[in-house]
Amino acid sequence: MNGSPTGESRFRRGPDVLRYKVDGNRVTIVRFCWKGKAHLDVGTECQDWADIYPPSLTDSETSVDKLTIVVADGVSTQPLSGIGARLACDSIGRTLQALKEPNKPLPACLADAQADFVAMCLKDRKSGSPEKSPASPESTSVVEYATTALVLHLGQSGFWAATVGDGAIYAISEAGQRARTLTELRREGLVNEVRPFTSPQWEIGLAVSGQSAEPLGTVNGFCLMTDGFSESIGDPNAYFATVWPELRTRLNNPADLLEYAEAFCRYWEDRKFSDDDKTLLGVFIER
Amino acid sequence: MALTIVIPPEATSRKQVPVILLVDVSTSMDPVGIAQANQGIRDYIEEMKRNEETRESVTLSIITFSNVHRVLVDHQPIDSVTAPQLSAEGGTELDEGLKGLLTLVTRHEAKFKGGKEPLFVLITDGNPTCDEQQWRDQLRKINDATYIGKRRSGGWSGYRVLAGAGEQINDSVLEAFRHDKEKSQVIRLKDQANISEFFKHLKTLTVDVANEKPLSKIVSTGTQVIN
C-alpha cells in the first residue's frame, strides 16, 4: 500500500483533512505531499511542503476570519531543501496572516514575505549551513535557490492567489465540472529550468490573480498542485470532473482517502507523467 | 485489490520532447548511407509511435543538408509523421544544415517553451566542404540560442548527439558541438552500413531524454561512444 521498497510511507504530509470556518463559509481542505520516484531512487526526502495558516490543532472546525494556504517545493540544496520549503511556507503564511486588510495590497504583502525569506537565507548562508550539504548543480548558493510557491488567501473580501514558477492553482465551480487557472504560468524556458527565489527573478516569475481579493461568486473550491501533478494536466475540466468528486466522497473516511491518494500518485508515476514529488490540496467550500 | 484510478485521456497531457535530426545527404552518402538513413528513420518513427510515452510526447523535425538544407519534417507530433524518402545530392555544406536548424528552432521557439529539453542529432559521413569559419559561425549562433544553446539562467539547454560514419570525418568536427559533458554524446560509426544500427541507439536515447535521465552509452556493434 505504501509503495516504498522499504515499506516506508511516501507521504511527507497527510493525507489529512482540515476543517475551518472562514467568514461564515465552511472550508474543508484535503492535503497530501508524496515523495516522487526521483527522490525515492536516490534515497532523499520529499522536498514539497504544504501548510495552512493559522494551523488547526483540532479535528473539529476552526473559526477564522482569514486563511492562508501555502505550498512550496524544495528550496536550498539537498538534503535541506525540504526544510527550505517549509521555511518558505512559513514566511509567506505568517506575513499574509499578519496583513490588515485592506491597508496593504496583497501583492506588496507577498513581496514583503519573499524579502524576509531571502534575508533569512542570506543570513543562513553566511553562517554556512546550506554549504555543508552536498551542492546540487542547480542550486549552489542562495542567489540560485529556486522554488515553486503557491499561495491561496481566503478572507472576508474573497480569495486571492499567487504563484511562482511551476505548479498551478485552479478555482473549481459547478461541483468540479468547471475549472479555471487563477494565475498564468510564467516559465523562463524549458520545463526543468531553475526559477530562483531571489528578488529580481521573483519579480519575473511571480503571477497573481489580481491586485486585491476577488469575491467567491460561483466558486465552490480550489485546487493547489505542484508541477509533479499540474504539468500533466491537459483539459482541466475533464480532469476535475473526475478527480474532484472522488476526493469529496472520501473527506470523512481517512482510510479511503489514504488509499485513493496513494493510488492517484502512483497512477501519475506509473504512466510516467512525472517522477517529481507530488502535492495536492483540495479546498472544498460550502456556504 | 488495489484501487484503480480512471482518468479520461483528454484530461492529461505530456510535455513535448522535440527531436531534431540533421542528416547529411551529400553524394558521398550514396548509396549505402542514404539507404541506411532511410531505413533507420523509418524504424525510429515506427518505434516511437509504438511506445505510449514517446507517442504522446515526441515532436520530430528532420532537416537534410548538402549544398542546401531542406526541412522534410517540421516539428510534427510523431504520431502524425510519415517517414520521408531521403536522396543524395551535392556537398557537405554543414553551415547550410546549421542555418536550417537555427531557423527551425527560432520558428518554433514558442512551442519549445515549457517543454522538455530538445534532442539534437547530427548524422554525417565527412568533413564539411564549406569554409570552417562558416560552420563555426553558425554553431556559435546555435550556442547562443536559448532553447538549444546557453540558458539565460546558466548552463546549457538540450541534448546533442553527434554521429560520424566512417573514417572521412575528423573527431574535432563532432567534438566542436559538445556542450555539457552529461548532455552530449559523440558517436563513431565504423562505416555507413552502421547508420541504421545507430538509429536503434537513438530510440534508447530518446526515451532517456523523455525521462530526463542521463544518456545511455551502450551502443551496438560497429558503433562506439567516444566520450
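Q: Buried means under 20% relative accessible area, exposed means over 50%, and partly exposed is what lies in between. In this predicted model, is R50(B) buried or exposed?
A: R50(B) forms a salt bridge with E47(B), and the closest N and O atoms of that pair are 3.0 Å apart. The relative accessible area of R50(B) is 59%, and since the cut-off for the upper class is over 50%, R50(B) counts as exposed.

Q: In which helix do E47(B) and R50(B) both lie?
A: An α-helix has 3.6 residues a turn, so residues three or four places apart point the same way. E47(B) and R50(B) are three residues apart, about one turn of the helix, and E47(B) is partly exposed with a relative accessible area of 27%. The helix that holds both residues, spanning residues 32–50 of chain B, is α1.

Q: How many residues of chain A are in contact with chain B?
A: The two chains meet at an interface where the area buried is about 2500 Å², with carbon and sulfur atoms giving 53% of that area. On the side of chain B, L3(B), I5(B) and I7(B) lose the most area to chain A, together 22% of what that side buries. Counted by contact, 31 residues of chain B take part, and the number of residues they touch in chain A is 28.

Q: Which residue of chain A meets E52(B) in a salt bridge?
A: Across the interface of chain B and chain A there are three salt bridges, and by class the side of chain B that touches chain A has 10 nonpolar, eight polar and 13 charged residues. The interface also has eight residue pairs in polar contact. The side chain of E52(B) comes to 2.1 Å, N to O, from its salt-bridge partner in chain A, which is R271(A).

Q: How many residues apart in sequence are the parts that E61(A) and R26(A) tie together?
A: Over all chains the count comes to 26 salt bridges, and one of them joins E61(A) to R26(A), with the closest N and O atoms 2.6 Å apart. E61(A) lies in the loop between β3 and β4 (62–64) of chain A, while R26(A) lies in strand β2 (residues 25–34) of chain A, so the two parts are apart in sequence by 35 residues.

Q: Are E61(A) and R26(A) buried, exposed or partly exposed?
A: Partly exposed is the class between the cut-offs of 20% and 50%. E61(A) has a relative accessibility of 32%, and R26(A) has one of 37%. Each value therefore puts its residue in the class called partly exposed.

Q: Is R151(B) buried or exposed?
A: R151(B) forms a salt bridge with E117(B), the closest N and O atoms being 2.7 Å apart. This pair links distant parts of the chain, with E117(B) in the loop between α4 (109–112) and β4 (119–124) of chain B and R151(B) in the loop between α5 (132–144) and β5 (159–165) of chain B. E117(B) has a relative accessible area of 6% and is buried. With a relative accessible area of 13%, R151(B) is likewise buried.

Q: With which residue does the side chain of Q47(A) make a polar contact?
A: Q47(A) is found in the loop between α1 (37–41) and β3 (49–53) of chain A. Its relative accessibility of 15% is why Q47(A) counts as buried. At 2.9 Å, the side chain of Q47(A) makes a polar contact with the side chain of H39(A).

Q: How many of the residues in α3(B) are buried?
A: Helix α3 of chain B runs over residues 94–107 and reaches 20 Å from its first C-alpha to its last, close to the 20 Å expected. Among its buried residues are L94(B), L98(B), L101(B) and V105(B). The helix is mostly covered, for out of its 14 residues the number buried is 10.

Q: In which strand is H75(B), a residue with a positive phi, found?
A: Phi of H75(B) is near 50°, a positive value in a residue other than glycine. H75(B) has a relative accessible area of 7%, so it is buried. The strand of chain B that contains it, made of residues 69–77, is β3.

Q: Which residue does a cis peptide bond join to D30(B)?
A: In chain A, the peptide bond from G14(A) to P15(A) is cis, with omega near 0°, and P15(A) has its place in strand β1 (residues 11–22). In chain B, the cis bond after D30(B) has an omega of about -5°. The residue joined there to D30(B), found in the loop between β1 (17–24) and α1 of chain B, is P31(B).

Note on methods: Residues are numbered from 1 along each chain as its sequence is written. Chains are lettered from A and ligands numbered from 1 in the order in which they are written. This is a predicted model: local features need pLDDT of at least 70, side-chain atom pairs count only at pLDDT 80 or more; totals for chains, interfaces and linings use all residues. Side-chain values use heavy atoms; hydrogens and water are left out. Helices (H or I, at least four residues) and strands (E, at least two) are DSSP runs, numbered from the N terminus. Buried means under 20% relative accessible area, exposed over 50%, partly exposed in between (1.4 Å probe, protein chains only). A polar contact is a pair of N or O atoms within 3.5 Å; within protein, one must be able to donate a hydrogen and the other to accept it, and residues adjacent in sequence count only if both atoms are side-chain atoms. Contact means heavy atoms within 4.5 Å. Buried area is the accessible area (1.4 Å probe) that two parts lose on being put together, summed over both. A salt bridge is a side-chain nitrogen of Lys or Arg within 4 Å of a carboxyl oxygen of Asp or Glu. Ala, Val, Leu, Ile, Met, Phe, Trp, Tyr, Cys and Pro count as nonpolar, Asp, Glu, Lys and Arg as charged, and the others, Gly among them, as polar. The expected span of a helix is 1.5 Å times one less than its number of residues.
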